[in-house]
Amino acid sequence: MPQANGKPGRDCPLCPRLAAFRKTWRANEPTWFNAPVPSFGPREARVLIVGLAPGLQGANRTGRPFTGDYAGVLLYETLKHYRFARGQYGAHPDDGLELTDCRITNAVRCVPPENKPTTAEIATCRDFLKATIAEMPKLRALVALGKIAHDSVVTTFGAKKSATPFKHGGRHALGEFNLFSSYHCSRYNTNTGVLTPEMFRDVFANVRRYLDSGSRP
Ligand code: URA
């Protein structure tokens, strides 16, 4: 259950495995963030990007989604290209990078061992995803990075996964919102060619076109 403000506290106990992992890394690396990573970007944004979970040495270390790990390089470069970010991405939270009309969150807020949250952890953390969506008055589009984020968003809206399957480049109406989906911009996916920078840009080009057209689902 979310805390009163819909955000996990620094010592959120809801997922015992993740809390134990966090404790280990607080001992190993006391200067790291090592806590549930908050969303980044303005609540008034029209776009919410949903990632998987903080990377151990990325968001879990720096405290900002996709910051300090490989996935962030392609993500922030692409966001800048489509005017969803401005400034310089410097891989640390005080680099001055700003998100414009866009916000980033994760399906799971705490770093999971081997980057793999369990089904129960994804379900538990969904309450925070729901609260994040609910606090965005101008939201029009969600962008899911990877199937886990896609499915969690679909479940959040009470839609059927079979009627709303994940597909790279796919788009679905979810109530008054549009969900755009992409392969995750992980190092693995980009190194193996599953996701090319062009494929990733195409997703955000579609989002930009959708917002600029002013159309509703
Ligand atoms: N960093 C994040 O914050 N989320 C991801 O999904 C991957 C890296």
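## Helix packing and loop residues

The buried residues of helix α5 are covered by elements that include strand β1 (47-51), helix α4, and the strands β5 (141-145), β6 (171-174) and β7 (177-182). Helices (H or I, at least four residues) and strands (E, at least two) are DSSP runs numbered from the N terminus, and a residue is buried under 20% relative accessible area, exposed over 50% and partly exposed in between (1.4 Å probe, protein chains only). The model is predicted, with local features requiring pLDDT of at least 70 and side-chain atom pairs pLDDT 80 or more, whereas totals for chains, interfaces and linings use all residues. Residues are numbered from 1 along each chain as its sequence is written, and side-chain values use heavy atoms, without hydrogens or water.

### Helix α5 and its partner α4

Helix α5 is mostly covered, since 7 of its 10 residues are buried. The buried residues in α5 are Ala-149, His-150, Asp-151, Ser-152, Val-153, Val-154 and Thr-156. After α5 comes Gly-158, which has a positive phi near 70°.

Helix α4 (residues 119-134) crosses α5 (residues 147-156) at roughly 65°, and the two axes come within 10 Å; such axes are lines fitted to C-alpha atoms over the stretch in contact, with angles from 0 to 180 degrees between N-to-C directions. The pair α4 and α5 is therefore roughly perpendicular, in a scheme where angles under 35 degrees count as roughly parallel, over 145 as roughly antiparallel, 65 to 115 as roughly perpendicular and the rest as oblique. On the α4 side, Ile-122, Arg-126, Leu-129, Lys-130 and Ile-133 make the contact, and they meet Ile-148, Ser-152, Val-153, Thr-155 and Thr-156 of α5 (contact means heavy atoms within 4.5 Å). Sorted by class, the α4 contact with α5 consists of 5 nonpolar, 3 polar and 2 charged residues. Ser-152, Val-153 and Thr-156 of α5 belong both to this contact and to the buried residues of the helix.

### Helices α3 and α7

A second helix pair is formed by α3 (residues 70-81) and α7 (residues 197-213), which pack at an angle of about 45° with their axes 10 Å apart, and α3 and α7 are therefore oblique to each other. From α3, the residues Leu-74, Leu-75, Thr-78, Leu-79 and His-81 meet Pro-197, Phe-200, Arg-201 and Phe-204 of α7. This contact of α3 with α7 has, by class, 6 nonpolar, 2 polar and 1 charged residues.

### Loop residues

Several loop residues are listed here with their relative accessible areas.

| Residue | Loop | Relative accessible area |
|---|---|---|
| Asn-34 | between α1 (16-28) and β1 | 1%, buried |
| Gly-58 | between β1 and α2 (59-62) | 1%, buried |
| Asp-95 | between β2 (85-86) and β3 | 15%, buried |
| Thr-100 | between β3 (98-99) and β4 (102-106) | 16%, buried |
| Asp-101 | between β3 and β4 | 22%, partly exposed |

Most residues other than glycine have a negative phi. Asn-34, although not a glycine, has a positive phi of about 50°, and Asp-101, likewise not a glycine, has a positive phi of about 65°.

Thr-100 offers a polar side-chain atom that lies 2.7 Å from the backbone oxygen of Arg-83. Apart from residues up to four places away in sequence, Thr-100 touches Arg-83, Phe-84, Ala-85 and Arg-86.

For Asp-95, the side chain is joined to that of Arg-64 by a polar contact of 2.8 Å, the term standing for N or O atoms within 3.5 Å, of which, within protein, one must be able to donate a hydrogen and the other to accept it, while residues adjacent in sequence count only if both atoms are side-chain atoms. When residues up to four places away in sequence are not counted, Asp-95 touches Gln-88, Tyr-89 and Gly-90 as well as Arg-64.

Gly-58 and Gly-68 stand 10 residues apart in sequence, yet their C-alpha atoms are 4.2 Å apart in space. With its neighbours within four places in sequence left aside, Gly-58 is in contact with Thr-67, Gly-68 and Asp-69.

Lys-138 lies in the loop between α4 and β5, and its C-alpha atom is separated by 9.3 Å from that of Asp-101, 37 residues away along the chain. Beyond its neighbours within four places in sequence, Lys-138 is in contact with Glu-44, Ala-45 and Arg-46.

Methods. Nonpolar A, V, L, I, M, F, W, Y, C, P; charged D, E, K, R; others polar.
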